[in-house]
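Welcome, and thanks for taking a look at this one. Please open the sequence and the model side by side, and then walk through the points below.

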Amino acid sequence: MGTSIHEAGHVIAIYYILGKKDIYKTTIVPHGDSLAGTYSIPKEAEQFSQTQEAMNDKICVLLGGYVAEKLFLGPDKISTHCKKDLKRATDIAYMMVRNFGMEEDKYGLAVSEKKDMSQNTNARVDKIVHELINNAMETVEKLLKLSLIHISEPTRLGMISYAVFCLKKKKKKK
């Protein structure tokens, strides 16, 4: 159930942020080193160059699974399935700031790596990246909460039944 909720978070983020035409495929069948996957079709122009908006959108989509798990399963039920998505989202945010100068109003234009910057500058970069990730999480959380309206009644009942099952299971362990 957790894997399907995780992937649904990605799908909802793609649907509302990138557009429904961009959803290519989603699966909860393990493949290779991945537990599941959601795939979107990249826009042709984005294969060579990306705007700040497109990179922010990508961060939101990557965080969709994490936010879905947090919202629907609870903060103590977030799985290790989120590791790759969180790392990729964070890496993109660091690239935006350090390599592409996309937050130059807050940071200034610089093309350098962490080891080439002062401790003070790195702390400023970390703060901006933290803001980018938090803003993306807030955006995705709002979208997921709004999307609950569109989830079918049987699916909603299934999610509630699963939550009740988990609570009963937790009580038995005590």
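Axes here are lines fitted to C-alpha atoms, for helices over the stretch in contact, and angles run from 0 to 180 degrees between N-to-C directions. With that in hand, the axes of α1 and α4 come within 10 Å and cross at roughly 95°. Angles from 65 to 115 degrees count as roughly perpendicular, so α1 is roughly perpendicular to α4. Please keep in mind that this is a predicted model.

**The chain as a whole**

- Five helices and two strands make up the secondary structure listed for the protein chain.
- Going along the sequence, these elements follow the order α-β-β-α-α-α-α.
- Of the 174 residues in the protein chain, 34% are buried.
- Taking contacts between residues at least 6 apart in sequence, 63% link residues at least 24 apart.
- The protein chain has an accessible surface of about 11300 Å², and carbon and sulfur atoms account for 58% of that surface.

**Helix α1 and its meeting with α4**

- Helix α1 covers residues 2-18, which is 17 residues.
- From its first C-alpha to its last, helix α1 reaches 24 Å, close to the 24 Å expected at 1.5 Å a residue.
- Which residues of α1 are buried? They are Ile5, His6, Glu7, Gly9, His10, Ile12, Ala13 and Ile14.
- Where α1 meets α4, the residues on the α1 side are Gly9, Ile12, Tyr16 and Ile17, and those on the α4 side are Leu143, Leu144 and Ser147.
- Two of these α1 residues, Gly9 and Ile12, also belong to the buried set of that helix.
- Ile5, another residue of helix α1, has a relative accessible area of 8% and is therefore buried.
- Between the C-alpha atoms of Ile5 and Phe72 there are 7.6 Å, although the two residues are 67 apart along the chain.

**Tyr66 in helix α2**

- Tyr66 sits in helix α2, which spans residues 52-72.
- Is Tyr66 buried or exposed? Its relative accessible area is 17%, so Tyr66 counts as buried, the cut-off being under 20%.
- Leaving out residues up to four places away in sequence, Tyr66 touches His6, Ile78, Cys82, Leu86 and Met137.
- One of those partners, His6, is itself among the buried residues of α1.
- Another of them, Leu86, has a number that falls inside helix α3 (residues 83-99), while Met137 falls inside helix α4 (residues 119-147).
- The C-alpha atoms of Tyr66 and Val140 are separated by 9.7 Å, with their positions 74 residues apart along the chain.

**Around Asn122 and Lys114**

- Asn122 belongs to helix α4, and with a relative accessible area of 8% it is buried.
- Beyond its neighbours up to four places away in sequence, Asn122 touches Arg98, Lys114 and Met117.
- Where is Lys114 placed? Lys114 is in the loop between α3 and α4.
- Lys114 has 48% relative accessibility and so counts as partly exposed, in contrast to the buried Asn122.
- Setting aside neighbours within four places in sequence, Lys114 is in contact with Arg98 and Asn122.
- Arg98 thus appears in the contacts of both Asn122 and Lys114.
- The C-alpha atoms of Lys114 and Arg98 are 8.2 Å apart, and the two residues are 16 apart along the chain.

**Salt bridges**

- Side chains of opposite charge can pair when their charged atoms come close.
- How many salt bridges are counted? The count comes to two.
- One of them joins the side chains of Lys87 and Asp91, at 3.0 Å from N to O.
- Lys87 and Asp91 are both in helix α3, four residues apart, or about one turn of the helix.
- Asp91 is partly exposed, with a relative accessible area of 35%.
- The other salt bridge pairs Lys145 with Glu141, and their closest N and O atoms are 3.0 Å apart.
- Lys145 and Glu141 share helix α4, where they too are four residues apart, about one turn of the helix.
- Both residues of this pair are partly exposed: Lys145 at 47% relative accessibility, and Glu141 with a relative accessible area of 28%.

Definitions and conventions: Residues numbered from 1 in each chain as written. Predicted model: local features only at pLDDT ≥ 70, side-chain atom pairs only at ≥ 80, totals over all residues. Heavy atoms only, no water. Salt bridge = Lys/Arg side-chain N within 4 Å of Asp/Glu carboxyl O. Buried < 20%, exposed > 50% of the residue type's maximum accessible area, 1.4 Å probe, protein only. Contact = heavy atoms within 4.5 Å. Expected span 1.5 Å × (residues − 1). Areas by Shrake-Rupley, 256 points an atom, 1.4 Å probe, with all protein chains shown as cover. Parallel < 35°, antiparallel > 145°, perpendicular 65-115°, else oblique.
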